[in-house]
Amino acid sequence: MQKILINDWISAIISGSNNMQNNKNRIDSLNVFPVPDGDTGTNMSSTIKKAADTLENSKFSTLNQLLQSISKDMLLGARGNSGVILSQIFKGFSEGWKGLDAIESHNIIAGFKEASKMAYASVINPIEGTILTVIRETYENLDKKIKSSMNIIDIFELALKFARKSCDNTPNLLPVLKEVGVVDSGGEGLNIIIEGILASLKGKPIKISNEDIKMQQFTGELEIYDGEFGYCTELILKINNNIKFNKIDFINRLSKLGNSLVVVQDEEIVKIHIHTLQPGQILNYSQKFGEFDAIKSENMTIQASDTKSQIQSPVSDKKKTSAIISCNSGSGIIDLMKQYECDYIIEGGQTNNPSAQDVIEAINYVNADNIFILPNNSNIILTAQQAAKIIKNKNIKVIPTKTQLAGITAILNFSSELNLEDNLEEIESSLKNLIAGQITTAIKDTKINNIKVKSGDYLVMIENNIVGCKKSLIKAGEFLLKEMLSQKKDSELISIYYGADSSRVEANELEKFIVSNYEVEVEIYNGDQPIYNFLVSVE
């Protein structure tokens, strides 16, 4: 193959997207250690699929027009840090091949060079051992090894070889990967996409796998889950003949991990359908009895709609000096943010990241000169920043809040009557006085930060760093409070938000512990947030 023409690249992107979709659950599973936040595969799949869907329904008169379409659609569809970086990699390809009528062998290196450059430029503090390293080392190795006699397929075969080698080395660059025994999930996703592109260039484009077809035959037509959080998880499990399997006991165990459970057994084959916040727990328990023949786990909020639920305040004809947009999950926390007069709430968060398009729609909706965006999740910050760059007629400031607790503190110190600078000063000052803690359930046995973690135990985190692990939720809460109050001895207020898997009774137990041991005011809220049993702020 000597040239890539328009139809060749269309087929290649669709093939890469299909391969990513076929492998997204496996890639999600790479970054669920030990917290159930595995969404890299879902985010990267959604990002490239946005472009692939356009390609299947559009005509392009020039290669440049095609490349620009891919770049734009992937940016608008980008979800999470991995999705944003992926979109910038393809923007780099677009820049490197600008003005060409066809992509020839000697042009390819320019595309990879710009892809690496754009990927690194999209991140303020690049971290090695991630997808960034994989795209950079792929380019650098290609630059050394490409020969003029090579055709396009030869070069992409080399690219896949170098990407694979770089990805396999990521645990040696990022200690947390080595600690839990996985490669970088974003780097693995890039490998999958390059593999799909290469397959298409060889004349064997990748289709959606039979596993998806089998799952659709099992579950029937796709369901719509309006307003539900978590994942619709479906498995086909082949039971190991050497293991005792009791269907009733199996159902009783799974029923505690989710709802809408359906279990069908046909001799050694068991088919499972369940709605759960933590699909990793379902996979871990099921795999004790055999091996998977098929796995499918769909984010139910994304499945309900191509965009996230959006909750707006009424549009005012009068333009505000400043407005605020926030990303939140949990009906209780969303209600609170509405009470605090948030102008626009993008419903989403952990495992449920909004796209850049969702953020752009929110910015365009709000009637204000100055707009503050609260991502409230480390995996949404980059998406918000990229979306903000697209809007030119408003002053936009992304406050890099990493938890919903930080978002609540920020909005309580925000005023629609103040200008950008004064609001920024008030918000940043208030966040310096905040310590945010979280408790969630571990879904995997591992060791991280020298802390032994067992599946089903309660992980204790302060500012997203794991500081402990306890078997009892109340003991985990008490440990968290001790750690937080030791860090901030002059605290005046503790706010406890209990989640969908916790209760007011359990929150009251923690309040009793605080009142018995500390002189500090306590407030309790029903956050109804998914994943986290408790969110606790100390101010």
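Which residues of α18 are buried? In this predicted model, they are Gln404, Leu405, Ala406, Gly407, Ile408, Thr409, Ala410 and Ile411. That leaves helix α18, which spans residues 404–412, mostly covered, with 8 of its 9 residues counted as buried.

Strand β9 gets similar attention here, as both of its faces are covered. The strand runs over residues 344–347, with Tyr344 and Ile346 on one side and Ile345 and Glu347 on the other, and all four of these are buried. As for its neighbour, β9 pairs with strand β8 (residues 320–328) in the parallel sense, over 4 bridges. One of the residues involved is glutamate 347, the bridge partner of asparagine 328. So glutamate 347 turns up twice in this picture: it is buried, with a relative accessible area under 20%, and it takes part in the pairing as the partner of asparagine 328.

Turning to charge pairs, a search of the whole structure comes up with 16 salt bridges. Among the residues involved, Arg26, Arg164, Asp168 and Glu188 are tied together in a network of salt bridges.

Other pairs can be described one by one. Aspartate 335 and lysine 338 bring their side chains together in a salt bridge, at 3.7 Å from N to O. Both sit in helix α15 (residues 331–339), and because they are 3 residues apart there, about one helical turn separates them. An α-helix has 3.6 residues a turn, so residues three or four places apart point the same way. Neither partner is buried: aspartate 335 is partly exposed at a relative accessible area of 37%, and lysine 338 is partly exposed too, at 43%.

Much the same arrangement shows up in helix α21 (residues 504–517), where lysine 512 and glutamate 509 lie 3 residues apart, about one turn of the helix. Their salt bridge has its closest N and O atoms 3.8 Å apart. Here the two partners fall into separate classes: lysine 512, with a relative accessible area of 54%, is exposed, while glutamate 509, at 37%, is partly exposed. The cut-off matters for this pair, because exposed means over 50% relative accessible area.

A further salt bridge joins aspartate 445 to lysine 454, and its closest N and O atoms are 3.8 Å apart. Aspartate 445 is partly exposed, its relative accessible area being 47%; lysine 454 also counts as partly exposed, at 45%.

The surface carries charged patches of both signs. On the negative side, Glu421, Asp422, Glu425, Glu426 and Glu428 gather into one patch. Of these, glutamate 426 belongs to helix α19 (residues 420–432) and counts as partly exposed, at 40% relative accessibility. On the positive side, Lys144, Lys145, Lys147, Lys161 and Lys165 form a patch. The elements giving two or more residues to this positive patch are α6 (131–145) and α7 (152–168). Lysine 165 has its place in α7, and with 65% relative accessibility this lysine counts as exposed.

What about the backbone? Most residues other than glycine have a negative phi. Against that background, asparagine 464 has a positive phi of about 70° although it is not a glycine. Asparagine 464 is placed in the loop between β15 (458–462) and β16 (465–470), and at 32% relative accessibility it is partly exposed. Aspartate 528 is another non-glycine residue with a positive phi, of about 55°. This aspartate is also in a loop, the one between β18 (521–526) and β19 (532–538), and it counts as partly exposed, at 28% relative accessibility.

Finally, proline 175 lies in helix α9 (residues 175–180). With 61% relative accessibility, proline 175 counts as exposed. Its C-alpha atom is separated by 26 Å from that of isoleucine 435, a residue 260 positions away along the chain.

How values were computed:
Residues are numbered from 1 along each chain as its sequence is written. This is a predicted model: local features need pLDDT of at least 70, side-chain atom pairs count only at pLDDT 80 or more; totals for chains, interfaces and linings use all residues. Side-chain values use heavy atoms; hydrogens and water are left out. Patches are made of residues with over 30% relative accessible area and no salt bridge: like charges are joined within 9 Å, nonpolar side chains (Val, Leu, Ile, Met, Phe, Trp, Tyr) within 5 Å. Accessible areas come from the Shrake-Rupley method with a 1.4 Å probe; for residues, only the protein chains shown count as cover. A salt bridge is a side-chain nitrogen of Lys or Arg within 4 Å of a carboxyl oxygen of Asp or Glu. Lys and Arg count as positive and Asp and Glu as negative; His and the chain ends are not counted. The place of a charge is taken as NZ of Lys, CZ of Arg, CG of Asp or CD of Glu. Buried means under 20% relative accessible area, exposed over 50%, partly exposed in between (1.4 Å probe, protein chains only). Two strands pair if DSSP finds at least two bridges between them.
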